[in-house]
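Biologist: I have the sequence and the model open on my screen, and I'd like a close look at one part. Pick a sheet, take me through it strand by strand, and then carry on to the cysteines and the empty spaces.

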Amino acid sequence: MAPANAMEPAAPVLDRTGWTAAAGDEETVGENGRAANVLDGNPSTIWHSKWTGTPAPLPHSITIDMKRTTVVSALVYQPRSDGPNGRIGEYAISVSPDGTAFGAPVATGTLADDAGAKTLGFAPQGARFVRLTALTEAGGRGPWASAAEINLLGDPGTPAATVDLPRTGWTATAGDEETVGENGRATNVLDGNPSTIWHSKWTGTPAPLPHSITIDMKRTTAVSALVYQPRPDGANGRIGRYSVSVSTDGTTFGASVASGAWRDDDTVKTATFTQAQHARYVRLTALGEAGGRGPWSSAAEIRLSGPADPAVHGSWDRITGFPLVPVATAVLPGDKLLAWSAYAVDRFGGSNGYTQTAVLDLKTGKVTQRRIDGTGHDMFCPGTAMLADGRVLVTGGSNAEKASIYDPATDQWSATTDMNIARGYQAMTLLSTGEAFVLGGSWSGGARDRGGEVWNPAGRTWRTLTGVPATPALTADPAGAYRADNHMWLHATSGGKVLQLGPSKQMNWISTAGTGSITAAGTRADSQDAMTGNAVAYDIGKLLTLGGSPAYEKTPATRRAYTVGISGDQVQVARTGDMGYARAFSNSVVLPDGKVAVFGGQAYPVPFSDATSVLTPELWDPATGRFTPLATMAIPRNYHSVANLLPDGRVFSGGGGLCGDCATNHADGAVFTPPYLLGPDGTPKPRPVVSGGVPPRAAPGAQLSVTTEGPVASFVLMRAAAATHSTDNDQRRVPLVSAATATGTYTVSIPSDTGVVLPGNYMLFALDAEGVPSMARFLTIS
């Protein structure tokens, strides 16, 4: 069951009083299909494109004028309820300050052909006009478009493309502060300790509302959002209604740059400015106490955010809408991304025997949807493994014993032999032998030990490993095995062996030969159990583990990260730098240059909730062991989110939710461009170009003669990977030995050990001396 806060949008529904709507065309003869109907609060009246006489051709657009500039972050589209005609399929959303200058779309995508309301998110920004353009009709029934109601959402407290400004040297002053009954001085909001707070004066005669606190950054800089953390030790003084103003001299403060009302809870809040301001002073004014408990105001911490520098923090592309929540994804040759949810596009439950899937074309941005019935498999909460021949093996989940295979060469799904043990939330990895190993998965299939088993591709058979019980790999989750054997971190090595390095603090070596065996490999240094954290192989025999929490849900997440080194049968673990944010349900991706990017997650994990979301990605550098912040995300990515390295060296981050009629379904994703691809002015850096010498298939130990346009410094193989539930055991980065043989020609050696270069599809990148990657070439190592 989804928590109560999953039923409410993170962003407020904006008041539509006084708004108007205008359409490029509308039906006024055959029916009342005027644009104004989308704002009348009556879903029985609709806007419809012109259909009498000669129908107006697609595309059709409808524009909302809010009559004033305000922060807007999503459009909520309610299709007509009296029939399917005109349901919008492919769409684009653009915004404008004046109704004339509409820039590039802030969101594009494809909607499911059903009557459910759709929330189409985009990066929060100030705008007066919002335009929805229907590019296709969802069912291809005709050149029509329609809408019953359109709402817009305001500031979600998640400003996009910003970064925290460093607070060194800043000071804070307040219009009043409590210094007698407690230490409630204004300076406490800058000390990094949420246990110390600013509080308005309450001894004697309390100071009346409003209360203000002013931050002096000591220099004029661009600032675009204020982040407010309420006190953690009680409710009194939580700020409700607020306004924010700025000044260059601390004396003259202009009109409000942000205003609104924050919810009465202890989550971190953000006030996004309608546009970035150049200021030295930022003043937060509390106009009301959130719960109406008294004339008080308080704050634990206040931070300010400024526009991100693309060359330092990277940048986000527009939001791409999917006709389903992408709970699981796999990178495919041909610049495609496979995604699937469950039996439904927005919810799970039961064992229905079919799955909703979609494929994103990374070149065009178009998404196509298909329901897969032929395998008898509801592939929600599965295990995944990328096979030696490039196919994708998907096991268990809602149909707990089933196994299915997707072949990207034919774009077809087929059933394979059922597992011996029914499973859901299990972990999988391909082995150096070309077989697939699975362990754990008590989420579905009844109560029993979910020990290991191995799938043989030649015979399409499963072999139970009686010597590999799941018990040694369990966490100490209070929910027992139902949660304790979920989402294990598995790393395949030579000779069919696997290191299980988490999320339990106890690590284990697993042999898959014969009936198998499992032996202790030590603990993960001083780490606790780290369920819903993750691990990623950033170099040969080197892994990074990040975040997680002692239990699956409702226990604080950790900021800790560890390196795990493998040398033969020896495992060395060391704590590396901490992340800036505690995270569970996050996703991590290794980049071609060996750095690791981590996206999303929650400080306090609760499935289907967007509370305590972390919107700032971070980048870990193996050379320094430090994490640095990246440009913030527009949409939370928590439970049921994914992230994948793409063939162009960028990263897809998407999904979250799948809770039915809730407000935390995120049927969308966005592509992040890491800073290694961007110059100081934010434009793309010149890239190395691989011009030839990459065959479609190569054997382990082969030497390739690769040609490039210009000199390059190194080559690396990145394994094509599949992600679900914060887990991606397919990720693997393999630096290659290379030597220049002539200008623009290199001998590139593929390791001969299939425990290093597992069989399967890889992306070959060339990198220049600055670490800028080429576009990848796909090849199958087998």
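Modeller: Let's start with an open sheet of four strands, paired antiparallel in the order 32-33-34-35. At its edges stand strand 32 (489–492) and strand 35 (517–523); each has a single partner strand, so one side of each is left without a neighbour in the sheet. From one strand to the next, the twist averages 25 degrees. The angles run from 0 to 180 degrees between N-to-C directions, with axes taken as lines fitted to C-alpha atoms (for helices, over the stretch in contact).

Some ground rules before we go on. This is a predicted model, in which local features need pLDDT of at least 70 and side-chain atom pairs count only at pLDDT 80 or more, while totals for chains, interfaces and linings use all residues. Residues are numbered from 1 along each chain as its sequence is written, and side-chain values use heavy atoms, leaving out hydrogens and water. Strands (E, at least two residues) and helices (H or I, at least four) are DSSP runs, numbered from the N terminus. Two strands count as paired if DSSP finds at least two bridges between them.

In the middle of that sheet, four bridges link strand 33 (residues 497–502) to strand 34 (residues 506–511) in the antiparallel sense. One residue pair to click on is Lys497, whose bridge partner in strand 34 is Ser511. Just ahead of strand 32 there is a loop, coming from helix 2 (481–484), and His487 is found in it. The phi of His487 is near 50 degrees, a positive value in a residue other than glycine. At 4% relative accessibility, His487 also counts as buried. Here buried means under 20% relative accessible area, exposed over 50% and partly exposed in between, using a 1.4 Å probe and protein chains only.

Another positive phi leads us to the cysteines. Cys381, in the loop between strand 23 (367–372) and strand 24, has phi near 60 degrees, again positive in a residue other than glycine. Cys381 is buried, with a relative accessible area of 0%. The closest cysteine sulfur to that of Cys381 is in Cys659, 13 Å away, which is too far for a bond. The cutoff for a disulfide is a pair of cysteine sulfur atoms within 2.5 Å, and a search of the whole structure finds one. It joins Cys659 to Cys662, S to S 2.0 Å. The torsion about their S-S bond is about 75 degrees, so the disulfide is right-handed. Both Cys659 and Cys662 are buried.

Cys662 brings us to the second largest pocket: together with Ala117, Lys118, Thr119 and Asn665, it lies nearest the centre, in a lining of 45 residues. The space in this pocket is about 950 Å³. Strand 3 (60–78), strand 6 (118–134), strand 8 (149–153) and strand 19 (319–321) are the elements that give two or more residues to the lining; strand 6 has the largest share, with five. By type, the lining has 26 nonpolar, eleven polar and eight charged residues. Nonpolar covers Ala, Val, Leu, Ile, Met, Phe, Trp, Tyr, Cys and Pro; charged covers Asp, Glu, Lys and Arg; the others, Gly among them, are polar.

How are these spaces found? On a 1 Å grid over the protein atoms alone, a pocket is an open set of points with protein on both sides within 12 Å along at least five of seven lines, a cavity is a set where a 1.4 Å probe fits but cannot get out, and lining residues have an atom within 4 Å of a point. Points are joined across faces, edges and corners, and the volume is the space filled by probe spheres set on them.

As for cavities, the whole structure has seven of 30 Å³ or more. The largest holds about 100 Å³, and of its 14 lining residues Thr384, Gln426, Thr724, Thr727 and Asn729 are closest to the centre. Strand 24 (383–386), strand 28 (427–430) and strand 51 (722–724) each supply at least two residues of that lining, which divides into four nonpolar, eight polar and two charged.

One last detail sits back by the pocket's strand 3. Pro59 is in the loop between strand 2 (47–48) and strand 3, and the peptide bond from Leu58 to Pro59 is cis, with omega near 0 degrees.
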